[in-house]
Amino acid sequence: MTQNIIEIEDDEFEEKVLKSDKPVMVDFWAPWCGPCKAIAPTVDALEKEYGDKMTFLKVNVDENPISPSKYGVQAIPTLIFFKNGEIADQITGMVAKEKLEETLKGVL
């Protein structure tokens, strides 16, 4: 995980995600999840490219059960894109960088 992708707690979710001035991508993950580890370098690369236009955050679902429950996260990794405090798009599972980038651009 790069230093630029901040891990947040349930009690920070509203402030950092829903009240953000920029669109936000939240990566719901867990340390034991293989696909979560596999998609991390792709998310890191996108953060480097789009970090000025979008905020990238991570939520550990084991340590923070409220946020994933509130947004219906059933499987991980789940990437939820928020814009103006609302869900703009969502991706569940391991996907190609092109698909992730296409979704990200659609939100921007």
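Cys-33 counts as buried (under 20% relative accessible area, with exposed over 50% and partly exposed in between; 1.4 Å probe, protein chains only), because its relative accessibility is 3%. The model is predicted: local features need pLDDT of at least 70, side-chain atom pairs count only at pLDDT 80 or more, and totals for chains, interfaces and linings use all residues. Residues are numbered from 1 along each chain as its sequence is written, and side-chain values use heavy atoms, leaving out hydrogens and water.

**Disulfide**
- Cys-33 is joined to Cys-36 by a disulfide with an S to S distance of 2.3 Å; the criterion is a pair of cysteine sulfur atoms within 2.5 Å.
- One disulfide is found in a search of the whole structure.
- The S-S torsion of Cys-33 and Cys-36 is about 80°, so this disulfide is right-handed.
- Cys-36 also counts as buried, at 3% relative accessibility.

**Sheet**
- Five strands (DSSP E runs of at least two residues, numbered from the N terminus) form an open, mixed sheet in the order 1-3-2-4-5; pairing requires at least two DSSP bridges between two strands.
- Strand 1 (6–7) and strand 5 (86–92) are the edge strands, each pairing on one side only.
- Strand 2 (residues 24–29) and strand 3 (residues 55–60) run parallel and are joined by six bridges.
- Trp-29 stands opposite Asn-60 in strand 3.

**Helix packing**
- Helix 2 (residues 34–50) packs on the sheet and touches strand 2, strand 3 and strand 4 (78–83); helices are DSSP runs of H or I with at least four residues, and contact means heavy atoms within 4.5 Å.
- The direction of helix 2 makes about 155° with that of strand 3; axes are lines fitted to C-alpha atoms, for helices over the stretch in contact, with angles from 0 to 180 degrees between N-to-C directions.
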